[in-house]
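Open the model in your viewer and keep the selection tool at hand. The tour moves from stop to stop, with something to pick at each one.

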Amino acid sequence: MAELERGRVVKSIAGRDSGYLLVVIQADSKTVTVCDGKERPLDRPKSKNIRHTEPTEYMLTEADMLTDRALRKALRRIDVLNCNN
């Protein structure tokens, strides 16, 4: 299992955002703070139970998480990679 750390891309498996790719901004033992750059911009992150996320093998750089636009672009690129598999 991939470690949940800043920059890790996770897939939401529960809640209204189920199925969406999100990036971890901050993590502790029970919750993660996630953003997607659109519904959850960087200035308004969402706290999510760690059990409601599934980590992926993808990591984003700090440059990818600098702005909402860069974050959306990076997540869209990963989503396209997953659709081709």
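What follows is a walk through a predicted model, from its cores to its pockets.

**Stop 1: the largest nonpolar core**

Select Val9, Leu21, Val23, Ile25, Cys35 and Tyr58. Add Leu60, Met65, Leu71, Ala74, Leu75 and Ile78. These twelve residues make up the largest nonpolar core. Two elements, strand E2 (21-27) and H1, each give two or more residues to this core. Which element gives the most? H1 does, with four residues. In soluble globular proteins, nonpolar side chains tend to be buried together.

Stay in the core and pick tyrosine 58. Leave aside its neighbours within four places in sequence, and tyrosine 58 is in contact with Gly7, Arg8, Val9, Ile78, Leu81 and Asn82. Of these partners, Val9 and Ile78 belong to the largest nonpolar core.

Now clear the selection and pick Leu4, Leu22, Val32 and Val34. They are among the six residues of another core, which lies apart from the largest one.

**Stop 2: serine 12**

Go to strand E1, residues 8-12, and select serine 12. Is serine 12 buried or exposed? Serine 12 counts as buried, because its relative accessibility is 1% and the cut-off for buried is under 20%.

Show the polar atoms here. The side chain of serine 12 has a polar atom 3.2 Å from the backbone oxygen of alanine 14. The side chains of serine 12 and aspartate 17 are joined by a polar contact of 2.8 Å.

Next, display the surroundings. Beyond four places in sequence, serine 12 is in contact with Asp17, Ser18, Gly19, Tyr20, Leu22, Lys48 and His52. Leu22 is one of the residues of the six-residue core.

**Stop 3: histidine 52**

Follow that list to histidine 52, a contact of serine 12. Histidine 52 sits in the loop between E4 and E5. With 32% relative accessibility, histidine 52 counts as partly exposed. Its contacts, leaving aside neighbours within four places in sequence, are Lys11, Ser12, Ile13 and Ala14. Draw a C-alpha distance to valine 10: 9.8 Å in space, for two residues 42 apart in sequence.

**Stop 4: proline 55**

Move on to strand E5, where proline 55 is found. Proline 55 is partly exposed, at 22% relative accessible area. Draw another C-alpha distance, from proline 55 to valine 9: the two are separated by 6.3 Å. Along the chain they are 46 residues apart. Valine 9 was part of the selection at the first stop, in the largest nonpolar core.

**Stop 5: threonine 33 and proline 45**

Select threonine 33 in strand E3, residues 31-35. Threonine 33 is buried, with a relative accessible area of 19%. The cut-off for buried is under 20%, so threonine 33 falls in that class. Not counting residues up to four places away in sequence, threonine 33 touches Val23, Val24, Ile25, Gln26, Pro45, Lys46 and Ser47. Val23 and Ile25 are residues of the largest nonpolar core.

Jump to proline 45, in the loop between E3 and strand E4 (46-49). Proline 45 is partly exposed, at 35% relative accessible area. Its contacts beyond four places in sequence are Thr33, Val34, Cys35 and Arg40. From proline 45 to glutamine 26, C-alpha to C-alpha, the distance is 9.7 Å, with their positions 19 residues apart in sequence.

**Stop 6: the largest pocket**

Turn on the pocket display. The largest pocket has a volume of about 390 Å³. Which lining residues lie nearest its centre? Select Tyr20, Leu21, Leu75, Arg76 and Asp79, from a lining of 16 residues. Leu21 and Leu75 are also in the largest nonpolar core.

Colour the lining by element. Strand E5 (53-59) and helix H1 (68-83) each supply at least two residues. H1 has the largest share, five residues. Now colour by class: five residues are nonpolar, three polar and eight charged.

**Stop 7: the second largest pocket**

Finish at the second largest pocket, with a volume of about 190 Å³. Select its lining: Arg16, Asp17, Tyr20, Leu22, Asp36, Glu39, Arg40 and Lys46. By class, two are nonpolar, none polar and six charged. Several names return here. Asp17 makes the side-chain polar contact with serine 12, Arg40 touches proline 45, and Lys46 touches threonine 33.

Terms used:
Residues numbered from 1 in each chain as written. Predicted model: local features only at pLDDT ≥ 70, side-chain atom pairs only at ≥ 80, totals over all residues. Heavy atoms only, no water. 1 Å grid on protein atoms, 1.4 Å probe; cavity = no way out; pocket = protein on both sides within 12 Å on 5 of 7 lines; lining within 4 Å. Points joined across faces, edges and corners; volume = space filled by probe spheres on them. Nonpolar A, V, L, I, M, F, W, Y, C, P; charged D, E, K, R; others polar. Buried < 20%, exposed > 50% of the residue type's maximum accessible area, 1.4 Å probe, protein only. Polar contact = N/O pair within 3.5 Å; in protein donor to acceptor, adjacent residues only side chain to side chain. Contact = heavy atoms within 4.5 Å. Core = buried A, V, L, I, M, F, W, Y, C linked by side-chain atoms within 4.5 Å.
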